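Trainee: I'm new to this structure and would like a close look at a single part of it. Could you pick one place where two elements meet and walk me through it, along with whatever surrounds it?

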Amino acid sequence: MQCAELGIAILLLNLAFTIINRCIINKNKYFSLIFAVIFVTISFACYQSMVPLMITFSAFFAMLFIKEKNEKGIKIILEYIVVFLISIILYKILGSIVHSITNIQSSSYLSNQILWGQED
């Protein structure tokens, strides 16, 4: 039932990584990271499992750049972390704004599904 949303979210995440990786390679087009943040934020809003996918892609590309380009790893890792943190904060803020505007209350559907640490 979520095929279109998942496809859009993965496409946006791939576009964001294309932008981030070009910024790392070119080292002078950091203004385009704004589009990467927007794409990642929309991707997170489409489907929450894009968060671990973003972390996985970030680790993969960071290791690839460090190995192939012999660059300093902390700078590359920091770029992925900054995009991730700004995107997740923006996602949380926009989510709370949408919840307050639409008066939608969080249900116990998701919180009751997790039994880890709640039962013996």
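Mentor: Happily! Let's look at helix α1, residues 3–26, and helix α3, residues 50–69, which pack with their axes 11 Å apart and at an angle of about 30°. Keep in mind that this is a predicted model. An angle under 35 degrees counts as roughly parallel, and α1 and α3 are therefore roughly parallel to each other. As for the handedness, the crossing of α1 past α3 is right-handed.

Now for the residues that meet there. On the α1 side you will find L6, A9, I10, L13, N14, F17, N21, I24 and I25. Facing them from α3 are M50, L53, M54, F57, S58, F61 and F65. Sorted by character, the residues of this contact comprise 13 nonpolar and three polar ones, with no charged residue among them.

Let's follow one of those α1 residues, I24, a little further. Besides taking part in the contact with α3, I24 touches E79, and E79 is also in contact with Y30, leaving aside neighbours of E79 within four places in sequence. E79 belongs to helix α4, which spans residues 73–102. Is E79 buried or exposed? Its relative accessibility is 12%, so E79 counts as buried.

Just past the end of α1 comes another residue to look at, S32, in the loop between α1 and α2 (33–46). With neighbours within four places in sequence set aside, S32 contacts I19 and C23. S32 counts as buried too, because its relative accessibility is 17%, and the cut-off for buried is under 20%.

While we are here, a word on cysteines. A disulfide is a covalent bond between the sulfur atoms of two cysteines. This structure holds zero disulfides. C3 has a relative accessibility of 66% and therefore counts as exposed. C46, by contrast, is partly exposed, with a relative accessible area of 29%.

Finally, let's step back to the chain that holds this part. There are four helices and zero strands, so to read the elements from the N terminus on is to read α-α-α-α. Of the 120 residues in the chain, 28% are buried. Among contacts with a separation of 6 or more, 67% are between residues 24 or more positions apart. To return to where we began, α1 and α3 pack at about 30°, and their contact has 13 nonpolar residues.

Note on methods:
Residues are numbered from 1 along each chain as its sequence is written. This is a predicted model: local features need pLDDT of at least 70, side-chain atom pairs count only at pLDDT 80 or more; totals for chains, interfaces and linings use all residues. Side-chain values use heavy atoms; hydrogens and water are left out. Axes are lines fitted to C-alpha atoms, for helices over the stretch in contact, and angles run from 0 to 180 degrees between N-to-C directions. Helices (H or I, at least four residues) and strands (E, at least two) are DSSP runs, numbered from the N terminus. Angles under 35 degrees count as roughly parallel, over 145 as roughly antiparallel, 65 to 115 as roughly perpendicular and the rest as oblique. A crossing is left-handed if the near helix is turned anticlockwise from the far one by less than a right angle, and right-handed if clockwise. Contact means heavy atoms within 4.5 Å. Ala, Val, Leu, Ile, Met, Phe, Trp, Tyr, Cys and Pro count as nonpolar, Asp, Glu, Lys and Arg as charged, and the others, Gly among them, as polar. Buried means under 20% relative accessible area, exposed over 50%, partly exposed in between (1.4 Å probe, protein chains only). A disulfide is a pair of cysteine sulfur atoms within 2.5 Å.
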